[in-house]
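Me: I am new to this structure and would like a close look at a single part of it.

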Amino acid sequence: MLATGHVDAASLDALLSAHPFHQAGDMAFEASYDAMNNTLDVLGVRAKDTQYAGTNVGDYSGAHVRAGYALTDNLSLDGGYWKRKISYRSDNESIASWQAAAQYRLYGDENSNAHYAIRLGVWGNQSGVLSKTSPTLFMGKTLNSVNVNNPQDAQIQLDTIGTWKLAEQTELSAFAGAGSSWIATGDMTANYTNGAGCNYNLTFTPNGTSGVLTVPCSAPVVITNFTTNQSITQEFSYRSNYYQLGGSLRWQKNDWILRGGYQFQHLNRNNVDVLIVSSGGVAYKNNHILLADVSYKLMPKVAVFTRVQVMSNQFVGEIPFAYNAVTAGKFNRRYGFASFGVNVDF
């Protein structure tokens, strides 16, 4: 059996399998280049966007590595690390993602047509700073720029998985799971010009908001600095619970393996969605994810692959900290990217 599909993470849950390895000592490794741009948009996801078609908005570049090891015939461990760079006009956001999981096969062996497993995983995302240098409407005011320092999220997740052999070359997998998410951020800064033309640097902390006049202003009444006890960080630091379900189909013939998977995720956030809706926005709680890949075996234990991932609502649920009061309005768009890499068995 080829390494393709042996190691799965939260980012690739649509392809989960109940028997990622066959026996103790099996190992698998994957390395990939990930990207999206106008050239790679063969499905027309970007080209159909009436606002951003033909621009660099949503350009994606990055890479990831994943590895897994079977401690026993039934117990395996796996982990992965992603580097992502996403463009928005003149802004380029860098995000690091990580994952680790343990999976135990409850039923089935190498000769079984049915396998059942339980999987416990932890995963998360982090960035040093997210910057938006274009105008942003927030709380009824247009901010000239916004910086969010040290955004990060962490998740713990439990899944049950079943895999059934339908034919000599075909198997079907299905999964259902639930998890909890913690989203946090450090202090935020912004630049704002009021109706009188006075420009301020703003700082938002858990204790309140402060503003400092950046240059002299000729307005009749000028406030050089101010402080309030109103905090908005609860709109960027919050808790969330989620559940998910989905499945995949795998077909193999000779040196070729084809897989297709679907994942549905629903999120319940504890406060940010209420604040978004109360200010006239729309909360996006669901995401539909489609995954497909094809791999070809170059030699007995080495294969190359191409993978495509398409999401109905961008990275809702996959990069949780990216969803907040400022960005929520952008999550009504589809998004996708492609991966090109190699799988190795040991």
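In what sense, and over how many bridges, do strand β18 and β19 pair?

Reply: This is a predicted model, in which local features need pLDDT of at least 70 and side-chain atom pairs count only at pLDDT 80 or more, while totals for chains, interfaces and linings use all residues. Residues are numbered from 1 along each chain as its sequence is written, and side-chain values use heavy atoms, with hydrogens and water left out.

Strand β18, residues 302–311, pairs with β19 in the antiparallel sense over ten bridges; strands here are DSSP runs (E, at least two residues) numbered from the N terminus, and two of them pair if DSSP finds at least two bridges between them. Within this pairing, Q309 stands opposite F337 of β19. Strand β1, residues 27–36, also pairs with β19 in the antiparallel sense, over eight bridges, and there Y33 has F340 as its bridge partner.

Because nine of the eleven residues of β19 are buried, the strand is largely enclosed by the rest of the structure, where buried means under 20% relative accessible area with a 1.4 Å probe, protein chains only. β19, residues 335–345, is also among the elements that give two or more residues to the largest nonpolar core, a core being a set of buried Ala, Val, Leu, Ile, Met, Phe, Trp, Tyr and Cys residues joined through side-chain atoms within 4.5 Å. That core has 43 residues, and those with the most contacts inside it are F315 and Y323. Apart from it lies another core, of five residues, including L16 and F175.

Technical notes: Buried means under 20% relative accessible area, exposed over 50%, partly exposed in between (1.4 Å probe, protein chains only). Helices (H or I, at least four residues) and strands (E, at least two) are DSSP runs, numbered from the N terminus.
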